[in-house]
Amino acid sequence: MEQYEKRILEYINQHKESIIELSHAIHARPELGNEEFFASAELSNLLQDNDFQLERDIAGHATGFIATYKSEKPGPTIAFLAEYDALPELGHACGHNIIGTSSVLAALSLQTVIDEIGGTIKVFGSPAEEGGVNGSAKASYVKAGLFDDSDVALMIHPGHESYRTVPTLAVDVFEVEFFGKSAHASESAFNGINALDMMISFFNGIAQLRQHIKPRDKVHGVILDGGASANIIPDYTKARLYTRALSRKQLNSLTDKVEEIAHGAARMAGGTAKLNRIQNGVDEFILNDRLDDLFERHAKKHNEPIEHDDFGFGSTDTGNVSHVIPTIHPHLKMGPSTLVGHTPEFREAAASPGGDHALLQGARIMATMAVELITKPEVLNQIKQLHKE
């Protein structure tokens with residue numbers, strides 16, 4: 001393994017300036033989910049220029065891609081997950097410019113030895129991790145069976161500390177619309193059916209529901225359209241909501257309850273309600289301690305200390321991948337411990353020397369992990385067995 005790892009590290013060192021430049025270019029040109037045409041093209045073209053076979057426009061996502069390099073020797077398929085979407089108004093405040101470039105660099109460095117050790121490399125360009133309309137592309141990929149021929153999936157997220165994969169929540173994102181009948185609010189209010197009253201009753205019902213849900217369950221949302229004019233009975237209102245829970249099964253029940261509240265609020269005012277899912281459902285993460293043990297061991301090999309605290313619960317469509325194959329989603333430190341995701345400070349860190357360090361360290365760790373997974377079948381078999389259990 002040492003000779004292979006040495007070549008991988010040499011490749012990363014030789015190409016670090018160009019990959020950092022690409023990370024900064026993506027950072028300077030943030031694109032929302034399913035609109036990442038610049039980032040997707042830059043990352044996929046780099047892989048294609050290095051003899052990866054490219055497929056584009058994946059599972060209904062125009063900015064998705066799958067890049068594959070298959071050696072002539074048999075062996076497992078290692079999948080690297082590349083994210084590259086940004087947040088509305090905040091830009092790359094979740095560091096996806098780092099995630100995409102780090103995964104691509106890991107794949108390219110592994111390519112330098114794959115013909116000798118055997119196996120296949122796949123890079124899944126994954127749009128819209130942050131959600132939005134038709135968001136969470138990895139969920140689409142899972143539904144389409146695109147991970148079925150891969151053995152493990154690797155990605156590393158930048159953050160305020162370095163730590164292993166932590167539990168995440170399943171999440172549904174949907175819009176609730178209420179339909180009533182407009183009327184003059186002073187002269188003929190009795191002829192109207194107030195869609196804003198339905199909305200207010202709906203949010204009050206959600207507030208009452210919260211005392212009866214489990215501690216980790218969450219319901220949160222905003223009103224997007226509350227009516228057009230104060231002297232007109234609103235005939236239409238719309239809200240966007242998130243529901244979250246520890247498991248998909250538990251979440252389905254919670255989302256159903258929210259939908260029932262919506263229909264009940266509509267009936268009380270004499271109107272109707274409609275719930276529309278606007279993105280793929282995200283599933284909870286299936287942790288694999290053996291794969292995370294491997295991550296931690298290789299992180300320490302590259303002088304990256306790992307914390308073991310619980311940093312709270314978020315959501316990611318990488319959880320959907322973990323239901324199909326062993327998957328990790330650990331974090332690497334790129335700034336102070338006070339750094340919080342989805343903030344301007346996190347955005348600035350994602351193009352800082354600390355962010356560049358996390359990019360390179362992530363590539364080193366993932367690529368050397370992949371070498372061990374390929375050259376030590378017993379390690380991979382134990383990971384896969386735990387996932388099966």
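In this predicted model, a network of salt bridges links Arg-164, Asp-289, Asp-293, Glu-296 and Lys-300. The structure as a whole holds 18 salt bridges. Side chains of opposite charge can pair when their charged atoms come close.

Several individual pairs are worth a look. Lys-384 and Asp-151 form a salt bridge whose closest N and O atoms are 2.6 Å apart. Lys-384 belongs to helix α11 (residues 377-388), while Asp-151 sits in the loop between α4 and β5 (152-154), so this pair ties together parts that are 233 residues apart in sequence. The two partners differ in their surroundings: Lys-384 is partly exposed, with a relative accessible area of 33%, whereas Asp-151, at 15%, counts as buried because the cut-off for that class is under 20%.

A second pair, Lys-333 and Glu-161, meets in a salt bridge at 4.0 Å from N to O. Here too, distant parts of the chain are linked: Lys-333 lies in strand β11 (residues 331-333) and Glu-161 in the loop between β6 (157-159) and β7 (170-179), 172 residues apart. Lys-333 is partly exposed at 31% relative accessible area, and Glu-161 is buried at 15%. In the salt bridge of Glu-348 with Arg-347, the closest N and O atoms are 2.9 Å apart. Glu-348 has a relative accessible area of 47% and is partly exposed; Arg-347 is likewise partly exposed, at 23%.

Turning to the domains, the assignment divides the protein chain into domain 1 (1-168 + 284-388) and domain 2 (170-277). Their C-alpha centres lie 38 Å apart, and the contact takes six residues from domain 1 and seven residues from domain 2. About 580 Å² is buried between the two domains, with carbon and sulfur atoms giving 48% of that area. On the domain 1 side, Glu-284, Phe-313 and Ser-315 supply 77% of the area buried against domain 2, more than any other three residues. No salt bridges are counted between domain 1 and domain 2, but two residue pairs are in polar contact across this interface, both at pLDDT 80 or more. By class, the side of domain 1 that touches domain 2 comprises one nonpolar, three polar and two charged residues.

Individual buried positions complete the picture. Ile-12, in helix α1 (residues 2-28), has 0% relative accessibility and so counts as buried. Beyond residues up to four places away in sequence, Ile-12 touches Leu-105, Ser-109, Leu-360, Ala-363 and Arg-364. From Ile-12 to Gly-271, the C-alpha separation is 61 Å, with these positions 259 residues apart in sequence numbering.

Thr-101, found in helix α3 (residues 96-117), is also buried at 0% relative accessibility. Its side chain reaches the backbone oxygen of Ile-98 at 3.2 Å. Apart from neighbours within four places in sequence, Thr-101 is in contact with Ile-19, Leu-22, Ser-23, Ile-26, Leu-43 and Leu-359.

Gly-131 offers a loop example, being placed between β4 (120-126) and α4 (137-143). Its relative accessibility of 13% counts as buried. With neighbours within four places in sequence set aside, Gly-131 is in contact with Ser-136 and Gln-279. The C-alpha atoms of Gly-131 and Val-173 are separated by 8.3 Å, and these residues are 42 apart along the chain.

Conventions: Residues are numbered from 1 along each chain as its sequence is written. This is a predicted model: local features need pLDDT of at least 70, side-chain atom pairs count only at pLDDT 80 or more; totals for chains, interfaces and linings use all residues. Side-chain values use heavy atoms; hydrogens and water are left out. Domain bounds come from an automatic or database domain assignment. Contact means heavy atoms within 4.5 Å. Buried area is the accessible area (1.4 Å probe) that two parts lose on being put together, summed over both. A salt bridge is a side-chain nitrogen of Lys or Arg within 4 Å of a carboxyl oxygen of Asp or Glu. A polar contact is a pair of N or O atoms within 3.5 Å; within protein, one must be able to donate a hydrogen and the other to accept it, and residues adjacent in sequence count only if both atoms are side-chain atoms. Ala, Val, Leu, Ile, Met, Phe, Trp, Tyr, Cys and Pro count as nonpolar, Asp, Glu, Lys and Arg as charged, and the others, Gly among them, as polar. Helices (H or I, at least four residues) and strands (E, at least two) are DSSP runs, numbered from the N terminus. Buried means under 20% relative accessible area, exposed over 50%, partly exposed in between (1.4 Å probe, protein chains only).
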